[in-house]
Amino acid sequence: MLDAPVTGKRQVARGMFVIGMRAPEIASAVRAGQFVNLGWSGGPLLRRPFSVYRAEGEHIEVVLKAVGGGTGQMLALEVGDRLSCLGPLGRGFEFGGGAREAVLVSGGLGVAPMLLAARDARAAGMKVTWVHGARTAAELCAEKDGDAVIWATDDGSQGTPGTAVAAAPDADVVIACGPNRMLAAAAERWPEAQVAVETYMGCGTGVCLGCAVPLKRGGYDRACKEGPVYRAADVDWGALPSHLPYAVVA
Ligand SMILES: Cc1cc2nc3c(=O)[nH]c(=O)nc-3n(C[C@H](O)[C@H](O)[C@H](O)COP(=O)(O)OP(=O)(O)OC[C@H]3O[C@@H](n4cnc5c(N)ncnc54)[C@H](O)[C@@H]3O)c2cc1C
Ligand code: FES
């Protein structure tokens with residue numbers, strides 16, 4: 001567990017902010033799709049999980065919107081305030097296997113793991129196409145990385161009208177993150193896609209069983225240990241709540 005001072009905050013879309021913190025051990029170890037569990041003085045009893053958005057030198061960043069009490073408090077933090085940071089946690093995306101092209105598909109706050117996914121895919125020798133969708137142009141994250149970038153908006157105000165899933169080309173490797181209903185659509189189209197699933201979380205370390213992900217073969221996994229990245233076809237999407245924060249705000 002790391003005492004991580006806040007080092008910066010910037011806005012990247014309407015209501016969407018990036019918070020930076022100094023966390024050297026996590027910055028050097030984190031892989032795309034892994035997350036940190038964050039607490040702070042005066043914060044909620046349970047830590048809050050966030051994908052690592054960027055890792056550079058001794059610093060990591062997370063991206064968030066205020067969807068409730070905890071995220072609202074986080075956005076009020078100032079440079080120098082301290083976060084208690086647990087991580088990197090969970091199992092990230094896999095980029096082995098000699099594939100030549102990766103398509104990253106993100107909806108709304110689903111951008112969260114994609115900068116690192118672009119980094120890791122490139123390091124594995126892949127060409128990266130990033131497809132990012134949101135309800136409207138103002139909600140598209142302004143920061144992007146990819147050899148090709150495709151935008152999609154539900155209202156057609158920027159890029160391809162419609163969803164990011166519909167706008168995306170096929171590829172050997174497909175990575176997706178966003179509202180669970182978007183991931184269910186991705187699973188229909190690309191059963192082999194790797195998807196970062198959102199659940200409720202408590203401990204973040206495999207103990208409380210509060211992060212159950214229903215599986216197609218029956219039974220449950222722990223998103224914080226066996227996930228949060230899954231093969232799309234393995235998740236029982238109908239049994240997974242679709243009302244979680246990404247779904248509300250994306
Ligand atoms: C692996 C993982 C990675 C995540 N990465 C990001 C990210 O990069 N950026 C981001 O903005 N959000 C991310 N989230 C979601 C984020 O953790 C929740 O939005 C946050 O916990 C809500 O806290 P709150 O106190 O603001 O909300 P609350 O006031 O507690 O509740 C607001 C809403 O959030 C739901 N909620 C509360 N606690 C959790 C929880 N621990 N997990 C899921 N839903 C919860 C409630 O049911 C309610 O619908 C991630 C979640 C997981 C599981
Ligand atoms: S959050 Fe406690 S077991 Fe996963």
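Okay, let's start with the ligand. Domain 1, residues 2-89, and domain 2, residues 101-249, both give residues to the shell around ligand 1, so ligand 1 lies between them. Before I go on, keep in mind that this is a predicted model.

So who is in that shell? There are 22 residues surrounding ligand 1, and the closest are Arg48, Pro49, Val63, Gly70 and Thr71. If you sort the shell by character, you get 13 nonpolar residues, six polar ones and three charged ones. By element, at least two residues each come from β4 (48-51), β6, α2 (69-75) and α6 (245-249). And which element gives the largest share? That's β4, with four residues.

Now the polar contacts to the ligand. On the backbone side, a nitrogen atom of ligand 1 sits 3.0 Å from a backbone N or O atom of Ser51. Gly70 also uses its backbone: one of its N or O atoms there is 2.6 Å from an oxygen atom of ligand 1. Then there's a side chain, Tyr200, which has a polar atom 3.3 Å from an oxygen atom of the ligand. How much of ligand 1 does the protein cover? On its own the ligand has 860 Å² of accessible area, and the protein covers 85% of that.

Let me stay with β6 for a minute, since we've just met it as a supplier of shell residues. This strand runs over residues 59-64, and five of its six residues are buried, so to speak mostly covered. What does β6 pair with? On one side of the story there's β2, residues 16-22, antiparallel to β6 over six bridges. If you want a spot to look at, find Met21, which stands opposite Ile60 in β6.

The other partner is β5, residues 54-56, also antiparallel to β6, joined by three bridges. There, Glu56 has His59 as its bridge partner in β6. β5 and β6 make a hairpin with two residues between them, and Gly57 in that turn has a positive phi of about 60 degrees.

Which brings me to backbone oddities. As a reminder, most residues other than glycine have a negative phi, and most peptide bonds are trans. Leu209 goes the other way: not a glycine, yet its phi is positive, about 60 degrees. Where is it? Leu209 is in the loop between β13 (194-196) and β14 (212-214). Buried or exposed, then, for Leu209? Exposed, with a relative accessible area of 59%, and the cut-off for that label is over 50%.

On the peptide bonds, have a look at two prolines. The bond from Gly87 to Pro88 is cis, with omega near 0 degrees, and Pro88 lies in strand β7, residues 82-89. The bond from Gly227 to Pro228 is cis as well, omega near 5 degrees. Pro228, though, is in a loop, the one between β15 (220-222) and β16 (229-231).

One last residue: Thr153, in strand β10, residues 148-153. Thr153 has 0% relative accessibility, so it counts as buried. What does its side chain find in there? A polar atom of the Thr153 side chain lies 2.7 Å from the backbone oxygen of Gln158.

That's my tour, so over to you for questions.

Conventions:
Residues numbered from 1 in each chain as written. Chains lettered and ligands numbered in written order. Predicted model: local features only at pLDDT ≥ 70, side-chain atom pairs only at ≥ 80, totals over all residues. Heavy atoms only, no water. Buried < 20%, exposed > 50% of the residue type's maximum accessible area, 1.4 Å probe, protein only. Pairing = 2+ DSSP bridges. Near = heavy atom within 4 Å. Polar contact = N/O pair within 3.5 Å; in protein donor to acceptor, adjacent residues only side chain to side chain. Areas by Shrake-Rupley, 256 points an atom, 1.4 Å probe, with all protein chains shown as cover. Nonpolar A, V, L, I, M, F, W, Y, C, P; charged D, E, K, R; others polar. Domains from an automatic or database assignment.
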